[in-house]
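Colleague: Could you take a close look at one part of this model, the disulfide, and set it against the packing and the charged pairs around the rest of the chain? Please keep to what can be computed from the atoms.

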Amino acid sequence: MAVGALLTVVGCGSGGDDTPRTASGSLEQLAAEAGCRPDVRTDAAELRQATCENGARRYVLVTFTNARGQAEWLDEANDYGGTYLVGGSSWVAVGDAGDIAALRDRLGGTVVDAAGRHGGHHGRHEG
């Protein structure tokens, strides 16, 4: 199934509102813009994934080498539900709705809600 059919768009990128342009760069560069230090959990050829904390806020950042990898990851993650911040075709952040809203203020991107069948346990998105 296509990602568009699985996810509902909650907010769009910089369309005249105060949201910054969508950030880009390496996992470390995105973490720096988010104001956190990444704890890298997966360092593979096709994706890199880290947990990130900024005060009380916690989320997972994932960067991809191509759009197909990101789309496949989002399709699989949809089974778990939850809220995602999608940065173009190169990165995704996972966290609760409040953390993702705050992160969007720093990184831009598009907020999506997954249709999930299993509740929104974000800790399961580590692979």
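**The disulfide in its setting**

Modeller: Of the 127 residues in the chain, 40% count as buried. The model is a predicted one. Its chain holds four helices and seven strands, and from the N terminus on these elements run α-β-α-β-β-β-α-β-β-α-β. Among contacts with a separation of 6 or more, 58% are accounted for by residues 24 or more positions apart. The accessible surface comes to about 6,500 Å², and carbon and sulfur atoms hold 47% of that area.

Now the part you asked about. The count of disulfides is one. Cys 36 and Cys 52 form this link, with their sulfur atoms 1.6 Å apart. The pair qualifies as a disulfide because the cut-off asks for sulfur atoms within 2.5 Å. The angle about the S-S bond is 80°, and the link of Cys 36 and Cys 52 is right-handed. Cys 36 sits in the loop between α2 and β2 (39–43), whereas Cys 52 belongs to strand β3, so the bond ties together parts that are 16 residues apart in sequence. Both Cys 36 and Cys 52 are buried.

Next, the nonpolar packing. The largest nonpolar core has 17 residues, and those touching the most other members are Tyr 59, Leu 61, Leu 85, Ala 93, Leu 103 and Leu 107. At least two residues of this core come from each of α2 (27–34), β3 (47–54), β4 (57–64), β6 (91–95) and α4 (97–107). The element that gives the most to this core is α2, with four residues. Two of these elements return from the disulfide: the loop that holds Cys 36 lies between α2 and β2, and Cys 52 is in β3.

Leu 103 shows how the parts of the chain meet. Leaving aside neighbours within four places in sequence, Leu 103 is in contact with Ala 34, Tyr 59, Leu 61, Leu 85, Ala 93 and Gly 108. Apart from the largest core lies another, of 13 residues, including Val 62, Phe 64, Leu 74 and Val 112.

The charged pairs come last. The chain has six salt bridges. In one of them, the side chains of Arg 68 and Glu 72 meet, with the closest N and O atoms 2.8 Å apart. Arg 68 and Glu 72 are four residues apart in helix α3 (residues 67–77), so about one helical turn separates them. Arg 68 is exposed, at 62% relative accessibility, while Glu 72 is partly exposed, at 44%. Elsewhere, Glu 28, Asp 43 and Arg 48 are joined into one network by salt bridges that share partners. Within this network, Asp 43 and Arg 48 pair at 2.9 Å, N to O. Asp 43 has a relative accessible area of 57% and counts as exposed.

A further salt bridge links Arg 58 with Glu 53, where the closest N and O atoms are 3.8 Å apart. This pair still counts because the limit is set at 4 Å. Glu 53 is exposed, at 51% relative accessibility, and Arg 58 is partly exposed, with a relative accessible area of 42%. Glu 53 falls within β3 (47–54), the strand that also holds Cys 52. By contrast with Glu 53, which is exposed, Cys 52 is buried.

Definitions and conventions. Residues numbered from 1 in each chain as written. Predicted model: local features only at pLDDT ≥ 70, side-chain atom pairs only at ≥ 80, totals over all residues. Heavy atoms only, no water. Buried < 20%, exposed > 50% of the residue type's maximum accessible area, 1.4 Å probe, protein only. Contact = heavy atoms within 4.5 Å. Areas by Shrake-Rupley, 256 points an atom, 1.4 Å probe, with all protein chains shown as cover. Core = buried A, V, L, I, M, F, W, Y, C linked by side-chain atoms within 4.5 Å.
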